[in-house]
Every structure is written in structure tokens, then in C-alpha cells.
Amino acid sequence: MSPRATTSLVPGKTNPEFIRNFCIIAHIDHGKSTLADRMLQLTGVVDDRSMRAQYLDRMDIERERGITIKSQAVRMPWEFEGKTFAMNMIDTPGHVDFTYEVSRSLAACEGAILLVDAAQGIEAQTLANLYLAIENDLEIIPVLNKIDLPAAQPEKYAEELANLIGGDPADCLRVSGKTGVGVSELLDQIVRKIPAPVGDPNAPARAMIFDSVYDSYRGVVTYVRMVDGSMTPRERITMMSTKAVHECLEIGVSSPEPEPTKGLGVGEVGYLITGVKDVRQSKVGDTVTSAMKPATQALKGYSEPKPMVYSGIYPIDGSDYPVLREALDKLKLSDASLVYEPETSVALGFGFRCGFLGLLHLEIITERLEREFNLDLIATAPSVVYEVTLEDKRQVTVTNPSEYPVGKISKVLEPMVKATLLSPKDYVGTIMELCQSRRGTLVDMQYFGTDRVQLRYTMPLAEIVFDFFDNLKSRTQGYGSLDYEESGMEQGDLVKVDILLQGEQVDAFSAIVHKDKAYAYGVMMTTKLRELIPRQAFEVPIQAAIGARIIARESIRAFRKDVLAKCYGGDISRKRKLLEKQKEGKKRMKMVGRVEVPQEAFIAALSSSAEKKGEKKAK
Amino acid sequence: MPQFPKGEKAPVDGLIPESALVDVESRTFHAYVHVPYCEVKCGYCDFNTYTADEIGTSTQGTFANTLISEIDFAEVALEKSGFVKREFTSVFFGGGTPTMLPATDLIAMLGKLKNTFGIKATADITTEANPDSVDEQYIKDLKAGGFNRISFGMQSAVPHVLKVLERTHKPENVGKVVGFAKAAGLATSVDLIYGAPGESLADWQQTLEAAIALDTDHISAYSLIVEPGTKLARQVKIGEVEAPNDDIHADMYELTEQLLSQAGFLNYEVSNWSKNISERSGHNMAYWKSMDWWGFGPGAHSHVGGVRWWNVKNPAAYSDRMSAGLSPALEREIIDQENRDIEKVMLETRISDGISLEWMKSKGFAESNVVAGLIADQLVEPIEAMRGHIILTAKGRLLADFVVLKLLG
């Protein structure tokens, strides 16, 4: 076992040969943060007294959900064969919604630890990130974690990993982040196997931004990997995508608390602070260079974040609208991929149409809004982005069913995804059934080891955003996992179904669905609304329509009697108080035409599969 | 037992705040006497009634005397509160079953009211009666003692319906006692209940026809309400009887309106019909017009100029308070002007005289588009609305609570 390094290398003056940049690829719950904690302790950058669980996860939400949303980098000293190394661990987000951010984090490394729960085996999301790592030419170190668990089957899963990346199952390290077993061997292995970074120290400075975090005290903290050249504090720097020039107020490394340094050199990982207040001015993937002596070529791989899923977010209490606006403005500072614009809905009042990278992103943002800003929110069913071409050749991009054009439509393109599903083999039948019912096309099927199967499908993203994951989980008793990546646009036989209450369209319930599913959607929504909307003084037809054609119809019969027959001396106070209560209740009604609909009815109708959300909201 | 509203503690001296004196001259004064005894407690009933003869220190035999002491108490409390003595414009004995007590007791209480406050010559003086608890002599005695109107709890003419309602009287007795009352020169009314579990529209028609055949001056017809805490509520909860259905109630109400109007009755309040305006229940009209009334007896509610109070329910507790010379009121509420306005809309919308649009608009109620909507839904009479009055249609009467809510905006 290697001892802790007695001295650390000085940042900015470190020979790249003694630098190792790595990340950890792992599924949620496979113990990445716990392993990171042990490394921090073992290398001595965090002493045992100040150690806390999941040290690097800064947001409450990250710690509670056990997932990492924003990555960070930590510099740790480690001694191997008498030499001191600087180990930069770059924490990557674990979720598919953040694929772009993951790919940038990976691009900052030379190697990756493939961390797999020894009791569960690899999951689909890990496969996706592994794929990205291999694409980025990273050295992969397979590691089985949680070997202290009674249910651990390291042999079985070592075999699985060897099958996947090649090599001998015996080379697969076995560790326990919880007990610390095997962690120092792992650090040694990193030094041995992961290549040192290579760059030109004399070339104009080029640093890649792999993360950008908003800090309310210091403004935006930009995490970079120096590729070529070097950077020093007080230098003027340029963002190559925008050509914006900033003064570099501070340069430093995290270890893991920020430590200002005299600069960063080739291969090093650290942070910059320029005083900007919005992460949009410091975009992940962008190249930072010196303003005095700029590089001519930006690093490859930069792209603008592109929302995949849109949802309308509304405050349940309409008077919270300004608070919601302020909250979004704040979150935007730290989340460059969040986009939104004001939207009004007949059913839900004033809110925002928000674009997200994916469903988890949506969930995280709504949860942060509710938790950090104390808001009660309702989100409309997520929608994807459609490209609609009309017969007059006009093209319309639709992110909200209400924008769907009227008139003759010649074609509609919808986003497709390549979905990877992993599960024990017993569930293959039920998964295939599910995918088929969601317009999936099987690409291939592959066994890992003896009992786990990978299915790959192409299917419309729209089918996934609508309760697919919940369905998968329930069909596979929680064992199935899903990953997907964009796979272009394809023409779909799609129609817009509107829901009308007494002839008035209720925008929040319009949906763009496949033609074959329009009827089912119409029946589902009309039935649900019939049950949820209280009887009115007149009959209320509820219709589902495609254009002018009614495809489903229900009606709420009028109530005919509500009067209490007796109202004598002793009844009056009681009755007046009842009336006050009813008046109070009426205030929370939304009017659709003349129909009074309790807000709760809209919410219940919108949260089809959102029992989980309901629980969270129970404060 | 009905839940009392939540109020503030009532003062033991029974004094009424000065605010109640405002506009006192515009209001008439009425008396309600609550007799809390019944032969049996009906399953649907949530009134303050007792079947036992003795409850603590109180007995049926001493009840009249205890109640008479509240009449004395009222006289003093009103006078001390600055009220000029007013005669009663109506007197109503309800329950319970007032006729469980001997006629002499009812007459003694009525006599005390008359001697203490005076009763207008034109006053309606009514008692409720159970058809089985009165005979010809009893009715003659009531008439001789000053009563001029009697209201019988007929409920239904159909045996299986009476059984479900747990009414023990024989249907044929109703005709007999109504006959005695008419012969004695009393104005007559019957109370009916519709919508009991198992009651068909045909059953209800039979009841209505029987009631019409009695040729009374007045008929009240109430839909059966399952009140929380009653035996019926428990039976509904455990599925022993079916919950009353509002749609069937609506059908029955429409039939009631149709048959009674054919028989020459005019509806004057949601649940009340009379042959002539003069035969309306003057007493009940006082409730709906927010007049002043003193409710005597256990659990009785009173209202004087926007101050409402309610007596302790238990006859023994009531009797203890009276013998200690304390106010029997448990709690009271002082209704502010806004709530008095709301009550006015709530109550006057129910009666066929209707409520003035001009007045409502002056209070910020009855927005024009709301009224237009009510007309469109055929809930209010359109021509009356154009003339400045909100008067419910038959359909509107069934949805009176909805209409009120709309008018209040």
C-alpha cells in the first residue's frame, strides 16, 4: 500500500508526467460518491474530522437523491514508487439527460474508472457513459464496488465486465467504498495505467470548460482542463465561442476546497473566476484562451445545449407567478441548459414553457423550484419538439401542442432516440411488448454473461417521455434500466388531439400523439375529466377532437338539486358558514367558458403517473 | 343532534349589545318555543329531542314552568338592553313533539307569552303536532287556549315509507285529526318528507294525493337529508340503506310542484306551499326576512338585530341555568353588516317574493353577466329579473344554493 504523499506538487508548475486526470463512470447508487469520499480521506485532502458523506455533492438534492448533477474536480496528492503525483478526479454527472456535460467531463480526462455495483452488475446508463469514454479514447479501469455486501457476486460481474471491455476478469479491481478496502490499490492502478496528459506548453493557451457553476458569493466558477499553454491570474481571457473577454480574477484548484494558485499548466485541472454572473457567459465545452495571445483553433466538441423535452410549469397559487419568474431567473444562472419563456393557459393561468435536456432534468428543476423557492407547482405533460411542414411549404417548430399549426399538413417530423435497455433475461418478453406498444423497432439483442440481456431499440422520444420509465420499472420489478440518445428526426403519422369542455378547448390537455393512439388518448382524457370535474348546473360535454372531428365524447350530467330543504331559525348560521366555505372553494375554481373546474381536477388529470410527485409535494 | 355553529361565549346576564337596537322599529318580534320531547326518536331526525321523561333535574311535568321562567328572563334582559316592549307578531311551538305535553302546559306557556309581551291580534299562533298524540278534545282545548294554527307531522301516506322513517303514527289518523282541527276552527298544515330510502316516485305521488285530499291550508314538503350523527347516517354508512339520490329528489320535487299547483297551492318558499298568501306561515316568513325572534327552550336559537344566540341543548342543563337565574344561552354571534347582507341574499332568494336586484347591486352582488347566466340556465324568472327582482323558477328552487353562490359572486 502506498503511503500518503508527504508533499503536494505545486499547481501551475507540475510536470504533466506526474499528472493523472480521471473520472468515475457509475450508475446512480453504485457508490461513486462514497468511493470519492474514501479517496479524499485516504489522500489526506480532507481530514477525518471534517469528512462528511458525499463530500463533493454540494446541493441538498444531490445528497438526498444520491445523484450528482453538477460535476467538480478535485486535486489529490498520491505517492507511488517514491514519486508524488497529482491526481485530478473529475466528477461526472451520472444521468443520460446530461450526456453532453458527461462527454465534456470525459474529454478532460485520460482515463476512467468504470465503477459497478458487485451485487447488481452494469446498468444501461453506465453503458452509455462507458461508450462515450471509449469514444474519447479513455483508458478504462474496471472496478467492482460494494464487495462487502453479502449479495455481492464479484466473480459473475467481473466476467460481465471482461466480456464488455475485453481483458481478464482477474484484472477487475474489487473495492468497497464503504470500508475502504482496495481503494489505495485503485489509486496505484490509476497511476500505473492512465496515461499522463500531453500538450504543448509553449502554444497559445487553450483550456476546455467542462463545468460552470454559479456561486452566489463569487459569481460563476468555471472548471477547466488546460490543454495547451498556461494561464495566470490577472490575465485577460477570451471565450472562443462568443469572443467575450473577461479578466481572470482568480485561478485555482479544488482540493477539494478552492485554493488559489499562481496559474495552471498543461494537463492541469482547476477553476477560473472572472466575475461574470451568468453561466451562459461561460459555457460547457467552450475553449478559453488568452486575450493577448489567442489560439486560432478552438478545441473540438463544443455545442449549444439543446432542450429535448418541454413542459409548462405553473404555480398552483397564481399569485406565486412573480416568485416563479424570479426563481427561474436564478436557476438559469447556474444551469445553462434551462430555457423558458412566459406562457398562459386557460386551465392553469400564468406560467412558463420550459425546455429541458430530459425528464430527470425536468424533475430536478421542478423539485429545486419547489424546495429552494417554496413554490407549489404543476407541470404539464412533457412534450418533445416536432417539425411540422404544411402543404404550403411553411415549416413550424412545435414545442407545445398549442403551437401546432392549423391547416393542411404535409408532414410531421418527430425526434427519435436509440434506446438501450438492460435487464435480467426473464423480463425480455415484457420489455419487448412494452417497446412494441411504444412504436419501438428492435435493433439488436445481446447477452451479457448468462442472465442479463441488452436490448436496443429505436423509438420516438415522445413515447419515452410519457411514463415509459415507470412502466419499465414496474414490468421488470425495478431491474430494468434504460438509456437513450438522440437519433435524429423521423416522419411520424401524428395528429393533435384537443380536449374540449363544453366546446371550449382546454389547452393544457392538447397532445400530439400517433394516429393509432389518438382514440385511446381521447377516451382516457375524457373519462378522467368526467370523473374529476364536479357536476355543474348544466350538462357539460367533454370531447376529444382531431381538428373538427370528434373522436371521443363523455358528458357530465347537470346536477339538479343542491338546496337544503329546511332553513329555519336554527339553520341560518350553519348555512351561512357552509356558504362561506363554498365561496372559498369557488375562488380556487378555474373557469373554462362557463364551466367551473377545481384546480385540483386539472392537476389530477395532468399527473397521470405522478404519484411520486404527489408524495414529494406533501410537505 | 345538529352541530351548533361556533360562537363566542354568551353573557350570563343575557344582555344584548346596543348594535341590535339599530332600526329596531323596522323589525317585527316573534316567539319560538322548543319542546324537546318525543315518543320515539326517528332515525333521520337531528333535532334536539329526548324520549325520556326525566333528564337530570328536568321532567316533562316541570318543563312548562322552567320555560315560563325564561319568558320572565327575556323580559328583563330585553328591557335592560334598552328595548321597548314589542308584541309578538307570531308564536310557534315546535319540537320535538309539543303535543307530548298536556294542552294545559302549552296553553300556560302561550298565556305567559301573551301576558308578558302581548301577542298581536293578527298573529299566527301555531303548534306542531303528532297525529297520534292529539285527540278531538286536545285540539278543542288548544283552540280555546288561543292557538289558531296546527301543523301535523304527516311525512308520508305510504306504510313502508313511514316505517323507514320510523314514524309510528297510523296514516289514517292524519285525516281524522285534520278534520278535528278544521272543525275546531284552526288553520291546518301538514309536513311531508320525500326521498326516503326505498320510496318510489309513485309512492310519493300517493302521499301527495293523500295530502291534497286533506284539503289543508298549507303543505311543507322536505327532501330527506341525511344529517351527520343520525341513525340514518350510520345506516347509510354501513350500506344498510341506500343514500338518498339528488336526481330522484329532483324528480319528486318537480312532481310536488306540479301536483300542488294543480290543486291550487302556491309555492312561497323552496319547501312550502299555501293556498293563499294569508295562509303562509307568518312565523317562518319572519326567519326568512331576518326579523327578531326569541327562541325559548333547550337548544332554541334566537335572533335580535344581528345578534344570534343559542341555548344549551340539554333540558337538565337548561333547567339548572333557569333556576340559577342565568341566561340559558350557550354561545352567541354578532353578525357584521357584510354577513347580514349575505344572509339576506341566502334567505330571501328562497322565497317567492324574491329579492331586489337594486339592493343586491348596491351591495356589490348580482353582477349583470351572472344574472344573465342564471336567466340562460332557466334558474330565475326572466321577466321578474327585468323588472328588478330575482325570483327562482321551479328549477332554480332546486338549485337555490347554487343561485345564491352565483349572486354573491
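**Exercise 1. Find how many helices and strands chain B contains, and what share of the chain is buried.**

Solution. In this predicted model, the secondary structure of chain B amounts to 16 helices and 17 strands. Turning next to burial, 48% of the 409 residues of chain B count as buried. A further step looks at contacts in chain B between residues at least 6 apart in sequence, and of these 74% join residues at least 24 apart. As for confidence, the mean pLDDT of chain B is 93, with 99% of its residues reaching 70 or more.

**Exercise 2. Check the length of helix α1 of chain B against the expected span, and work out where its buried residues lie around the axis.**

Solution. Begin with the length: helix α1(B) runs over residues 60-80, and at 1.5 Å a residue its 21 residues should span 30 Å, which agrees with the 31 Å between its end C-alpha atoms. Next, list the buried residues, which are F63(B), T66(B), L67(B), E70(B), F73(B), A74(B), A77(B) and L78(B). Seen down the axis of α1(B), these buried residues fall within an arc of 120°, and therefore they line one face of the helix. On the other side of α1(B), the residues G61(B) and E79(B) are exposed. The last step is to ask what the buried residues pack against, and the partners in chain B are β2 (29-35), β4 (58-59), α2 (103-116), β12 (292-296) and α10 (315-323). Just after the helix, G82(B) takes a positive phi of about 95°.

**Exercise 3. Carry out the analysis of length and burial for helix α6 of chain B.**

Solution. Helix α6(B), residues 201-214, has 14 residues, and the distance from its first C-alpha to its last is 20 Å, close to the 20 Å expected at 1.5 Å a residue. Its buried residues include W204(B), T207(B), L208(B) and A211(B). Because the buried residues of α6(B) fall within an arc of 100° when seen down the axis, they line one face of the helix. The face turned away from this buried side carries the exposed residues A202(B), E209(B) and A213(B). Among the elements of chain B that cover the buried residues of α6(B) are β7 (149-155), β8 (187-194), β9 (218-223) and α8 (246-262). Just after α6(B), a positive phi of about 55° is found at D215(B).

**Exercise 4. Describe the largest nonpolar core and the surroundings of V143(A).**

Solution. In soluble globular proteins, nonpolar side chains tend to be buried together. Here the largest nonpolar core has 170 residues, and those with the most contacts inside it are I25(A), A112(A), L114(A) and V143(A). Taking V143(A) and leaving aside its neighbours within four places in sequence, we find it in contact with I113(A), L114(A), L115(A), C172(A), L173(A), V175(A) and L186(A). Apart from the largest core lies another, of 111 residues, among them Y50(B), Y194(B), F365(B) and L399(B).

**Exercise 5. State how many residues of each chain take part in the contact between chains A and B, and consider the confidence of the prediction.**

Solution. Counting on each side, 25 residues of chain A are in contact with 39 residues of chain B. On the side of chain A, these residues divide into 10 nonpolar, 4 polar and 11 charged. For the complex, the predictor gives an ipTM of 0.87 and a pTM of 0.67. Chain A averages a pLDDT of 86, and 93% of its residues score at least 70. Over residues 65-71 of chain A, however, the pLDDT is below 50, although this stretch has 26 contacts in the model beyond near neighbours in sequence. Over residues 609-619 of chain A the pLDDT also stays under 50, and there the model has 6 contacts beyond four places in sequence.

Technical notes
Residues are numbered from 1 along each chain as its sequence is written. Chains are lettered from A and ligands numbered from 1 in the order in which they are written. This is a predicted model: local features need pLDDT of at least 70, side-chain atom pairs count only at pLDDT 80 or more; totals for chains, interfaces and linings use all residues. Helices (H or I, at least four residues) and strands (E, at least two) are DSSP runs, numbered from the N terminus. The expected span of a helix is 1.5 Å times one less than its number of residues. A residue is buried if 20 or more other C-beta atoms lie within 10 Å of its own, exposed if 12 or fewer, and partly exposed in between; C-beta atoms are placed from the backbone. The arc is that of the directions from the helix axis to the C-beta atoms. Two residues are in contact if their C-beta atoms, placed from the backbone, lie within 7 Å. A nonpolar core is a set of buried Ala, Val, Leu, Ile, Met, Phe, Trp, Tyr and Cys residues joined through C-beta atoms within 7 Å. Ala, Val, Leu, Ile, Met, Phe, Trp, Tyr, Cys and Pro count as nonpolar, Asp, Glu, Lys and Arg as charged, and the others, Gly among them, as polar. pLDDT is the predictor's confidence in each residue, from 0 to 100.
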